[in-house]
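Hi,

Here is the structure I promised to pass on. Have a look at it first, and then read on for what turned up in it.

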Amino acid sequence: MFDRLFDGSLMPHGHCLLWRWDLLFLHLGGDLMTVVAYSVIPLGIFYFLYKRKDIKFDGLAALFACFIAFCGLSHLAGIVNIWNGYYFIEGAIKFATGLVSIVTAYYLWKLMPVFINIPSITMLKERNKALEELKAQLEEANHSLEEKVKERTLELEQQANTDAVTGVASRFCIMETLNHNCGLFERYGRPFSILMIDVDHFKDVNDTHGHQAGDEVLSLMAECISNNIRSVDAIGRYGGEEFLVILPETPQNIAIDLAERIRTGVEKLSLPFEIEVTCSVGVSTMTQGLSDDGLVSQADHALYTAKRSGRNQVVVFEESMSESP
């Protein structure tokens with residue numbers, strides 16, 4: 001069998017071409033180009049498989065590379081057989097090529113459903129477009145959610161900084177403002193004053209007309225104070241029926257005038273159920289070495305003095321007040 005396989009004594013293929021140069025050129029040139037191409041293609045396939053280890057069809061690609069290589073060998077044998085008659089070797093190569101081709105074709109058709117399901121360029125573009133639209137929707141929803149969060153955060157801040165009954169600043173917020181003004185005084189020496197205002201006999205209003213009427217009185221009281229102070233001034237509910245007013249860069253004499261204006265305005269208030277109320281006001285001005293708590297304590301002492309002296313009046317803090325029981 002081997003003697004027959006390697007028997008090159010058969011008539012060379014060149015005799016069939018009549019050894020004409022034009023026929024030899026066409027057959028030899030065509031076979032040479034095919035051999036070169038069929039040698040490079042399998043190398044390219046195996047190099048691709050080596051670099052892309054994630055490819056799922058590496059077995060089929062290897063079979064296809066072998067099929068191409070055997071085709072190249074058959075053309076190489078054709079070139080040799082122009083001058084020699086190794087037709088059994090060429091036949092064996094072609095037979096092996098046929099076997100590899102059959103196996104490759106079998107697995108190719110077996111994997112055809114998988115190949116068909118691989119997205120095309122058009123499908124990928126459509127999916128990418130759908131993803132872009134979904135991304136735009138998500139960005140819009142995210143932007144809307146951020147806006148809602150900002151609005152809700154602002155609402156919560158307003159609720160935390162605003163007294164629910166009167167609509168003025170809460171105690172926390174007005175004390176923050178007081179602390180800020182104390183800082184400005186320590187750094188730049190800017191004087192300021194505060195007013196501590198209390199509704200006279202407010203308990204009688206609650207006991208006689210109920211807490212709802214009392215809340216309405218406090219609301220109108222806060223409105224009256226706000227209308228009688230300047231835009232740079234700040235008002236907050238200190239607690240119960242007490243209000244704290246901060247007067248930036250305001251000396252004592254101007255603070256007294258503002259306090260009197262507030263007291264007069266409250267006295268003239270038109271309230272429901274024919275309720276009549278008055279207020280007492282304690283005035284204190286910031287001085288060196290005094291803390292924010294100390295300033296509030298001074299205003300509170302002045303307010304207590306106003307109440308003990310008959311209410312419905314403005315009293316300025318004096319050092320002797322802190323010594324009285």
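The crossing of H3 and H4 is left-handed in this predicted model. Helix H3 covers residues 21-51 and helix H4 covers residues 58-80. Their axes lie 8 Å apart and make an angle of about 160°. Since angles over 145 degrees count as roughly antiparallel, H3 is therefore roughly antiparallel to H4. As for what sits in the contact of H3 with H4, the residues there divide into 18 nonpolar, four polar and two charged.

The other part I wanted to show you is the sheet. Five strands form an open sheet with mixed pairing, in the order S2-S3-S1-S4-S5. Which strands stand at the edges? They are S2 (234-239) and S5 (314-316), and each has a single partner strand, so one side of each is left without a neighbour in the sheet. From one strand to the next, the twist averages 20°.

Within that sheet, S1 (residues 193-199) and S3 (residues 242-247) run antiparallel and are joined by six bridges. If you would like a spot to zoom in on, try Asp 198, which stands opposite Glu 242 in S3.

Finally, there is a helix on the sheet to look at: H8, made of residues 171-188, lies across S1, S2 and S3. Its direction is at about 125° to that of S2.

Enjoy exploring, and write back with any questions.

Best wishes

Notes: Residues numbered from 1 in each chain as written. Predicted model: local features only at pLDDT ≥ 70, side-chain atom pairs only at ≥ 80, totals over all residues. Heavy atoms only, no water. Pairing = 2+ DSSP bridges. Helix = DSSP H or I, 4+ residues; strand = E, 2+ residues; numbered from the N terminus. Axes fitted to C-alpha atoms, helices over the stretch in contact; angles between N-to-C directions. Contact = heavy atoms within 4.5 Å. Parallel < 35°, antiparallel > 145°, perpendicular 65-115°, else oblique. Left-handed = near helix turned anticlockwise from the far one by under 90°. Nonpolar A, V, L, I, M, F, W, Y, C, P; charged D, E, K, R; others polar.
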